[in-house]
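Reader: I have the model open and want to go through it with you. Can we fix the terms before we start?

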Amino acid sequence: YHITTMFLSPAAAVLLLLPTALCFTSSPTSRNSVGNTVGLDNYSVNEEDASSSTSLIPELNDASRSISSNEQLLPSSPFGVIFDMDGTLIKHSINFAEMRQRIYEVVDADPIGKDLEKDCVLAMPQRLTEEGQRKCHEVFVDIEQRAVDNMQLQDGGAELVQFLMESGLKTAVLTRNMEKNVAHMMELYKNEMSINDDDVTIFDPIVARNTKANPGDDEPLKSKPNPDGILHICKLWGCLPSDVIFVGDSANDDMSAANRAGCGGAVLLQPGGCQLDTDSGYAVGDTEAEIMERTPSLCVESLSDLKLCIESVLDEQEKNGIVQSEVSGEEVVTCTPLTAFQLLSRRLV
């Protein structure tokens with residue numbers, strides 16, 4: 001089962017000369033058509049561990065479908081954008097290979113862990129002895145602190161966030177990193193954007209792996225690829241996931257979470273077209289449904305390219321404007337779904 005992913009890059013203009021050669025990924029429209037766009041109240045969250053690769057929410061019963069150039073890649077009237085942090089808003093700096101090696105060494109030496117099957121490095125510590133959990137925590141702190149010390153903003157990130165703020169779109173962060181590290185990242189963005197007002201919050205809310213949905217909760221929200229974080233953000237924003245664009249650099253974690261939540265756009269960022277190591281160690285399935293779950297609606301090589309795409313969406317929204325409803329006479333906003341060829345022709349030529 002092969003999926004060809006569309007990249008939007010400056011070279012995309014050349015592709016316009018070869019329209020018949022383009023093959024696009026399955027889009028949010030495809031997922032919505034099999035019942036994945038649902039309200040927050042009736043969305044059923046599987047109680048299995050977030051690391052489970054078999055808990056599809058909901059099950060995709062029509063994963064294998066023909067894809068045309070008229071597929072909708074982004075919601076036509078987006079409410080906001082949710083960003084992953086590491087590898088998305090900031091350049092890739094966490095050494096996942098080292099993290100897997102060091103955590104698994106702790107697991108193998110733990111009286112309980114030595115009998116466990118290797119799984120997600122973020123999920124395994126809670127199944128160990130207290131000493132094993134402490135050692136795992138030290139590994140996370142060490143690796144993540146080094147990443148913070150070397151933190152660099154993703155190219156085009158500040159311009160994209162500035163554009164979204166000026167356009168009235170909400171922005172949030174959903175990460176498996178810690179809240180304090182996200183706060184450091186946000187300060188870097190505010191400095192880059194020359195925002196000196198302490199009361200200005202660029203990303204709201206911030207959902208990290210230690211974030212609780214409610215202050216009195218015993219446990220934090222489940223991490224990606226579980227969709228809980230996205231649904232929590234949408235509930236706070238008062239919108240449906242189908243009105244939200246999710247942007248991340250991991251197909252296994254970010255795209256799966258976005259598709260499980262029913263996001264209107266699941267954007268995979270692969271700077272320079274390179275796929276980096278973001279594997280936290282859990283197994284992923286290879287059924288058509290599981291592959292579809294990890295499939296983005298749109299792939300971009302830079303946040304600058306994504307900015308162009310969102311500009312096209314908003315241009316289309318403004319172009320359609322406010323029209324009179326034939327039924328009630330009330331003013332309603334109508335937007336035509338933006339297709340792949342429209343994205344390319346409007347902004348990348």
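Author: Buried means under 20% relative accessible area, exposed means over 50%, and partly exposed is in between, using a 1.4 Å probe and protein chains only. This is a predicted model: local features need pLDDT of at least 70 and side-chain atom pairs count only at pLDDT 80 or more, while totals for chains, interfaces and linings use all residues. Residues are numbered from 1 along each chain as its sequence is written, and side-chain values use heavy atoms, with hydrogens and water left out.

Reader: Fine. How many helices and strands are there?

Author: There are 11 helices and 11 strands. Both are DSSP runs numbered from the N terminus: helices are H or I with at least four residues, strands are E with at least two.

Reader: What share of the residues is buried?

Author: 51% of the 349 residues. As for contacts, meaning heavy atoms within 4.5 Å, 76% of those with a separation of 6 or more are between residues 24 or more positions apart.

Reader: Take β4. Which strands does it pair with?

Author: Strand β3 (residues 80–83) pairs with β4 in the parallel sense over 4 bridges, and β5 (residues 206–207) also runs parallel to β4, joined by 2 bridges. Pairing requires that DSSP finds at least two bridges between the strands. On the β3 side, G80 has K170 of β4 as its bridge partner. On the other side, V173 is partnered by I206 in β5.

Reader: And how does the chain get from β4 to β5?

Author: Through helix α6 (residues 179–192), in a right-handed β-α-β crossover. Right-handed here means that, with the strands pointing away from the viewer, the path from the first strand over the helix to the second runs clockwise.

Reader: Is β4 itself mostly covered or mostly open?

Author: Mostly covered: of the 5 residues in β4 (residues 170–174), 4 are buried.

Reader: Salt bridges next. What is the count?

Author: 15, where a salt bridge is a side-chain nitrogen of Lys or Arg within 4 Å of a carboxyl oxygen of Asp or Glu. One of them joins R127 and D119, at 3.8 Å from N to O.

Reader: Are those two buried or exposed?

Author: D119 is buried, at 17% relative accessibility, whereas R127 is partly exposed at 36%.

Reader: Which partner does K224 have?

Author: K224 bridges to D254, with the closest N and O atoms 2.7 Å apart. K224 sits in the loop between β5 and α7 (228–237) and D254 in helix α8 (residues 251–261), so this pair ties together parts that are 30 residues apart in sequence. Both residues are buried.

Reader: Which residues are joined into one network?

Author: E98, R102, D142 and R146, through salt bridges that share partners. Within that group, E98 and R102 meet at 3.0 Å, N to O. The two are 4 residues apart in helix α3 (residues 96–109), which means about one helical turn separates them. R102 is partly exposed, at 25% relative accessibility.

Reader: What about R294, does a salt bridge exist or is it absent?

Author: Absent. R294 is buried, and the nearest side chain of opposite charge, E290, is 5.6 Å away; Lys and Arg count as positive, Asp and Glu as negative, and His and the chain ends are not counted. R294 is in the loop between α9 (288–293) and β8 (298–300).

Reader: So what does its side chain reach?

Author: The backbone oxygen of G285, at 2.7 Å. Beyond four places in sequence, the contacts of R294 include A251, N252, M255 and V284.

Reader: And R209, where is that?

Author: In the loop between β5 and α7, and buried at 17% relative accessibility. Among the residues R209 touches, leaving out those up to four places away, are F140, E144, R176 and P220.

Reader: Backbone oddities, then. Which peptide bonds are cis?

Author: Among them are D204 to P205, with omega near 5°, and K224 to P225, with omega about 15°. P205 is in the loop between α6 and β5, and P225 in the loop between β5 and α7.

Reader: What is phi at S194?

Author: Near 55°, a positive value in a residue other than glycine. S194 lies in the loop between α6 and β5 and is exposed, at 58% relative accessibility.

Definitions and conventions. A polar contact is a pair of N or O atoms within 3.5 Å; within protein, one must be able to donate a hydrogen and the other to accept it, and residues adjacent in sequence count only if both atoms are side-chain atoms.
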